[in-house]
Amino acid sequence: WKGPEPKKDKEREKEKKKTEEQEREKERARERAREKSKERKDSGGSRPGAAGGKGLPEGVSLPENPAARKAAQQLLQELSVLRTKTQADRRKAYRNACLKWHPDKNLDDEDTATDVFQFLQAMKEQYLGE
């Protein structure tokens with residue numbers, strides 16, 4: 001028995017470090033999202049006059065980040081078209097939107113994805129009527 005080759009050990013170690021760094025980055029992103037959420041809760045959840053759109057429930061506002069605001073407005077438009085569809089169709093569209101905007105799926109723009117995802121979560125009850 002010769003044992004593992006040194007080159008493969010180095011590759012494994014490099015891959016392990018890369019995976020660990022990715023996990024640390026995900027945890028940092030989750031921590032940022034928790035901090036933002038806490039700040040919003042501490043400040044009452046919305047800015048005065050921030051609704052900026054029809055049909056937003058009390059305490060829900062569009063994201064402050066311009067890119068996230070634009071995406072949220074577009075989502076509101078897309079989801080409002082489906083209001084006359086069945087509950088199953090609305091649930092499927094909502095789920096797809098959540099999957100599309102989940103921060104773990106958008107590592108290149110986590111802040112925008114986090115804002116849009118949190119907006120979707122805040123709108124869930126009104127949209128799905130549950």
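Here is a quick tour of helix α3, the nonpolar cores and the salt bridges in this structure. Keep in mind that the model is predicted. Helices α2, α3 and α4 each give two or more residues to the largest nonpolar core, while salt bridges link α1 to α4.

**Helix α3**
- Helix α3 runs over residues 87–101, and its end C-alpha atoms sit 21 Å apart, which agrees with the 21 Å expected for 15 residues at 1.5 Å a residue.
- R90, A93, Y94, A97, C98 and W101 are the buried residues here. They cover an arc of only 135° around the axis, which puts them on the same side of α3.
- Flip to the other side of α3 and you find A88, K92, R95 and K100 exposed.
- What do the buried residues of α3 pack against? Their partners are α2 (66–81) and α4 (110–128).

**Nonpolar cores**
- The largest core holds 15 residues, and L75, Y94, W101, V116, L120 and Y127 have the most contacts inside it.
- Helix α4 chips in the largest share of this core, with six residues.
- Take V116: leaving aside neighbours within four places in sequence, V116 touches A68, A71, L75 and W101.
- Apart from the largest core lies another one, made of six residues, including L56, A72, F119 and M123.

**A look at T114**
- T114 lies in helix α4, and its 6% relative accessibility is under the 20% cut-off, so T114 counts as buried.
- Its side chain reaches the backbone oxygen of E110 at 2.7 Å.
- Setting aside neighbours within four places in sequence, T114 is in contact with A33 and P103.

**Salt bridges**
- The count comes to nine salt bridges.
- One of them joins the side chains of R34 and E31, at 2.8 Å from N to O. Both residues lie in helix α1 (residues 6–42), three residues apart, or about one turn of the helix.
- R34 is partly exposed at 42% relative accessibility, and E31 is partly exposed too, at 34%.
- E110 pairs up with R32, their closest N and O atoms being 3.6 Å apart. E110 is in α4 and R32 in α1, so this pair ties together parts that are 78 residues apart in sequence.
- Is E110 buried or exposed? E110 is buried, with a relative accessible area of 6%, whereas R32 is partly exposed at 33%.
- R32 also forms a salt bridge with D111, with the closest N and O atoms 3.9 Å apart. That links α1 to α4 across 79 residues.
- Through shared partners, salt bridges join E21, R24, E25, R28, R32, E110 and D111 into one network.

Definitions and conventions:
Residues numbered from 1 in each chain as written. Predicted model: local features only at pLDDT ≥ 70, side-chain atom pairs only at ≥ 80, totals over all residues. Heavy atoms only, no water. Helix = DSSP H or I, 4+ residues; strand = E, 2+ residues; numbered from the N terminus. Expected span 1.5 Å × (residues − 1). Buried < 20%, exposed > 50% of the residue type's maximum accessible area, 1.4 Å probe, protein only. Arc of directions from axis to C-beta. Contact = heavy atoms within 4.5 Å. Polar contact = N/O pair within 3.5 Å; in protein donor to acceptor, adjacent residues only side chain to side chain. Core = buried A, V, L, I, M, F, W, Y, C linked by side-chain atoms within 4.5 Å. Salt bridge = Lys/Arg side-chain N within 4 Å of Asp/Glu carboxyl O.
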